Amino acid sequence: MQLLLLLPLAFLLPAGALAGQIIGGMEAEPHSKPYMAFLNLTTKSGPGRCGGFLIRQDFVLTAAHCNKGKIVVYLGAHNVSKEEHSQQRLVVQRRIPHEKYNNQTWENDLMLLKLKRKARLTEAVQPLRLPEDGEEVLPGDVCNVAGWGSTRPRGSSLPDTLQEVDLKVLGADQCQRYHHFVPSSMLCVGDPWEVEKSSYQGDSGGPLVCDGTAQGIVSYGKDDGSPPRVFTSVSAYVPWIKKTMRKLQG
């Protein structure tokens, strides 16, 4: 049932190299989501990728299960096979996964990345607003998710441009297929009747954006890519996020 995170890396490789995007989505307008972060992962088993999003000039929020090997953050990217002028390559000074993250049940699946230097804010690089503590997303709300993850199960060879898709938030009862689903800290996202629309491999750590606010983080789902998928609920962790950033300030 677990989602395989790592994909062959296509960052700064020639066009035609292995890549992937959101399932059932479309290419996002270049730099229309200036909060998006591309995470270049280098591990013992090979290169990989995750998503993430800028929440302050010196912090990126992503999934705890993206805590793999060496992580380099790219902001301002659209086509990750090119060296775009808008891109900023930032070294991670410190990674802080939630101390209660459980890699078996996927509980508390979030991680802060403290950047070694502050991002330079431009039209292509801007932070994303966090929700209020305990703010609710209601079943039926339609939100947006973006990423450079696979378009179909078990990977695909497609252009490396940022993809996006609109997904419906469901009631917690719709995620009963996941035995470890926790309604107080997870969101059930993606209409099962729209099987061609979903986040997938490589999208992990990216944001679920509802009315301009980061309400979820791509976490896990069935390995066939079918919806609904499980997202970490950001509003359940706002106190932890703010407390952690204050601790590491400066």
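Helices (H or I, at least four residues) and strands (E, at least two) are DSSP runs, numbered from the N terminus. The exercises below use a predicted model.

**Exercise 1.** In which loop does Asn108 lie, and is Asn108 buried or exposed?

Solution. Step 1: Asn108 lies in the loop between E6 and E7. Step 2: the cut-off for buried is under 20% relative accessible area. Step 3: Asn108 has 15% relative accessibility, so Asn108 counts as buried.

**Exercise 2.** What is the sign of phi in Trp106 and in Asn108?

Solution. Step 1: most residues other than glycine have a negative phi. Step 2: phi of Trp106 is near 65°, a positive value. Step 3: phi of Asn108 is near 60°, also positive. Step 4: Trp106 is found in the loop between E6 and E7, and with 7% relative accessibility Trp106 counts as buried.

**Exercise 3.** Which residues does Ile241 touch, leaving out those up to four places away in sequence?

Solution. Step 1: the largest nonpolar core has 48 residues, and Ile241 is among those with the most contacts inside it, as are Ile55, Leu61 and Leu112. Step 2: helix H1 (238–247) and strand E3 (46–56) are among the elements that each supply at least two residues of this core. Step 3: beyond that sequence window, Ile241 touches Ile55, Leu61, Leu110, Leu112, Leu130 and Val234. Step 4: a second, separate core of 12 residues includes Val137, Val165, Leu187 and Val218.

**Exercise 4.** Is the peptide bond from Pro227 to Pro228 cis or trans?

Solution. Step 1: omega of this bond is near 0°, and the bond is cis. Step 2: Pro228 is found in the loop between E12 and strand E13 (229–233). Step 3: most peptide bonds are trans.

Key. Residues are numbered from 1 along each chain as its sequence is written. This is a predicted model: local features need pLDDT of at least 70, side-chain atom pairs count only at pLDDT 80 or more; totals for chains, interfaces and linings use all residues. Side-chain values use heavy atoms; hydrogens and water are left out. A nonpolar core is a set of buried Ala, Val, Leu, Ile, Met, Phe, Trp, Tyr and Cys residues joined through side-chain atoms within 4.5 Å. Buried means under 20% relative accessible area, exposed over 50%, partly exposed in between (1.4 Å probe, protein chains only). Contact means heavy atoms within 4.5 Å.
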